[in-house]
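Here is a friendly walk through one protein–DNA model, meant to be read with the viewer open. Please keep the sequence at hand as well.

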There are 2 protein chains.
Amino acid sequence: MATGSAPLRKDARRNRERLVAAAREVFAERGLDVALDEVARRAGVSIGTLYNRFPTRADLVEAVFADRVEAVARIAEHALSMDDAWDGFTHFVEQICRMQAADRGYNDLAARRIPQAVPTAAQAHGYQLMTRILDRAQRAGALRADFTVEDMAFVTWAITRTIEATAEVNPTAWRRHLALILDGLRAPAAHPLPEPPMLPDQVARIMRDC
Amino acid sequence: MATGSAPLRKDARRNRERLVAAAREVFAERGLDVALDEVARRAGVSIGTLYNRFPTRADLVEAVFADRVEAVARIAEHALSMDDAWDGFTHFVEQICRMQAADRGYNDLAARRIPQAVPTAAQAHGYQLMTRILDRAQRAGALRADFTVEDMAFVTWAITRTIEATAEVNPTAWRRHLALILDGLRAPAAHPLPEPPMLPDQVARIMRDC
DNA sequence: GTCGAAGTTGAGGAGCCCCTCAGGTTTGAC
DNA sequence: GTCAAACCTGAGGGGCTCCTCAACTTCGAC
């Protein structure tokens, strides 16, 4: 967003947009690890241009999924506006998972970073929204009290892998998995946990290491 | 096990053993996707010999992890011998996860196939043991009644990914994740599930597609 | 100790993907 | 219309891993 660099020439901007659009498609279909000349080919642009515009794969990924940060924020706001705090929490989680299930690239992304973590800047805001969702559900006595924001990573990783595995064979199976997970997060289900939560900087380090 | 092929010459058998031992180490350290000449090098054997003995990577993987089938069976038997059915169930799951956490290769394997599925022959036996563990826990009213053997795949996939992500930073974090999952599997935690269980042949197909 | 079968070796061809850069093209300010 | 800066192009070098195969070595039955 805060590019700061020189404004692009008209043709360059057009190519950039084509590349992002092509990458969006290709990532969604085949995941984040596709060969980049596939993206260039589909954009009708040379591979050199792609590297010109996006020196690293991460730059392209970031451009493709930049809008998701906002989407997640909108989902979070809506979750917070729901009457029932537990419904808000589950709605939030379910919508995120639905996005992952609909886009193999986004699912790949979530497998490494958790959804909010695309650009480090907006990350704080996403984290804060998530904290509010959890807090509210905990204050309502619906979400187990020992659940932390860091534990959300578990939920994401779990569903991520299930979506990957079941996508071809039973594309809605993740809903069952998620329901089983959520049943373990309700306050009355809580039994003492054998292990302290991950530390915020541990989660951060995991994100950083891709 | 039931090779049926001609008996190996003494030097060939020795090389085979060295290869399996080397692969065991390398897989455990670096996962199932390492370059195979790393394995050959560590075994002190040429890459040609490796391919001679194990035409495909899957052959080598199978040889390395063949004994795990038996190990899983032993854990299952022990689980069934425990007084409390729920303890038996959790003990089983936890021991499997412990094995995954201790061996990156085995964790990779579990991410695709569920643990019992190494050779298709013994698979049936593992499945049967698992069914008995679940049945017993359900009959005792401890495990939720709507949980099926196929749902075990969810548990495996979930933990698999968490182990992968946290191994470097917090190698015991998976225990917390597992505890959260298990709390969702207790009978009193059960809420209606939004999606039917996966069909046995769906799970089978997922395994087959690696 | 002979000798044929079994086994081993490792250089190298093939496939894949990454990324660069010298040369050609387009843009837009003047 | 001119021209310098910005941009595009795609062939090709580099790195990695896979896997083969013709020449060589070892085993073990006799």
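The report below covers the two chains, their meeting surface, the DNA strands, one helix and one residue.

This is a predicted model, in which local features need pLDDT of at least 70, side-chain atom pairs count only at pLDDT 80 or more, and totals for chains, interfaces and linings use all residues. Residues are numbered from 1 along each chain as its sequence is written, while chains are lettered from A and ligands numbered from 1 in the order in which they are written.

**How the two chains meet**

Let us begin with the pair of chains. A turn of 180° with a shift of 0.0 Å along the axis lays chain B on chain A with an RMSD of 0.0 Å, which is the relation of a two-fold axis. Copies are superposed here by least squares on the C-alpha atoms of residues with pLDDT of at least 70 in both.

At the interface, 35 residues of chain B are in contact with 35 residues of chain A; contact means that the C-beta atoms of two residues, placed from the backbone, lie within 7 Å. On the chain B side, helix H8 (152-166), helix H9 (173-183) and helix H10 (200-208) each supply at least two residues. Helices are DSSP runs (H or I, at least four residues), numbered from the N terminus. That side of chain B has 18 nonpolar, nine polar and eight charged residues. In this scheme Ala, Val, Leu, Ile, Met, Phe, Trp, Tyr, Cys and Pro count as nonpolar, Asp, Glu, Lys and Arg as charged, and the others, Gly among them, as polar. Because 100% of the interface residues of chain B are also interface residues in chain A, the copies meet through the same surface.

**Around the DNA**

Next come the two DNA strands, where a residue is near a strand if its C-beta atom, placed from the backbone, lies within 6 Å of it.

| Strand | Residues around it | Closest residues | Classes |
|---|---|---|---|
| DNA strand C | 22 residues | A:Lys10, B:Ala12, B:Asn15, B:Ser46, B:Gly48 | eight nonpolar, six polar, eight charged |
| DNA strand D | 22 residues | A:Asn15, A:Ser46, A:Gly48, B:Lys10, B:Ala35 | eight nonpolar, six polar, eight charged |

Which helix gives the largest share of the surface near DNA strand C? H3(B) does, with five residues. For DNA strand D, the largest share, five residues, comes from H3(A).

**Two domains and a buried valine**

Chain A is divided into domain 1 (8-55) and domain 2 (65-209), with bounds from an automatic or database domain assignment. Their C-alpha centres lie 30 Å apart, and the contact takes six residues from domain 1 of chain A and five residues from domain 2 of chain A.

A:Val39 has its place in helix H2 of chain A. Is this residue buried or exposed? A:Val39 counts as buried because it has 26 C-beta neighbours inside 10 Å; buried means 20 or more other C-beta atoms within 10 Å of a residue's own, exposed 12 or fewer, and partly exposed in between, with C-beta atoms placed from the backbone. Leaving out residues up to four places away in sequence, A:Val39 touches A:Leu19, A:Ala22, A:Ala23, A:Val26, A:Val34 and A:Leu50.

**An enclosed helix**

In chain B, seven of the nine residues of helix H6 (residues 104-112) are buried, so this helix is largely enclosed by the rest of the structure. Among the buried residues of H6(B) are B:Tyr106, B:Asn107 and B:Leu109. Their cover includes helix H8 (152-166) of chain A, together with H1, helix H4 (57-81), helix H5 (85-102) and H8 of chain B.
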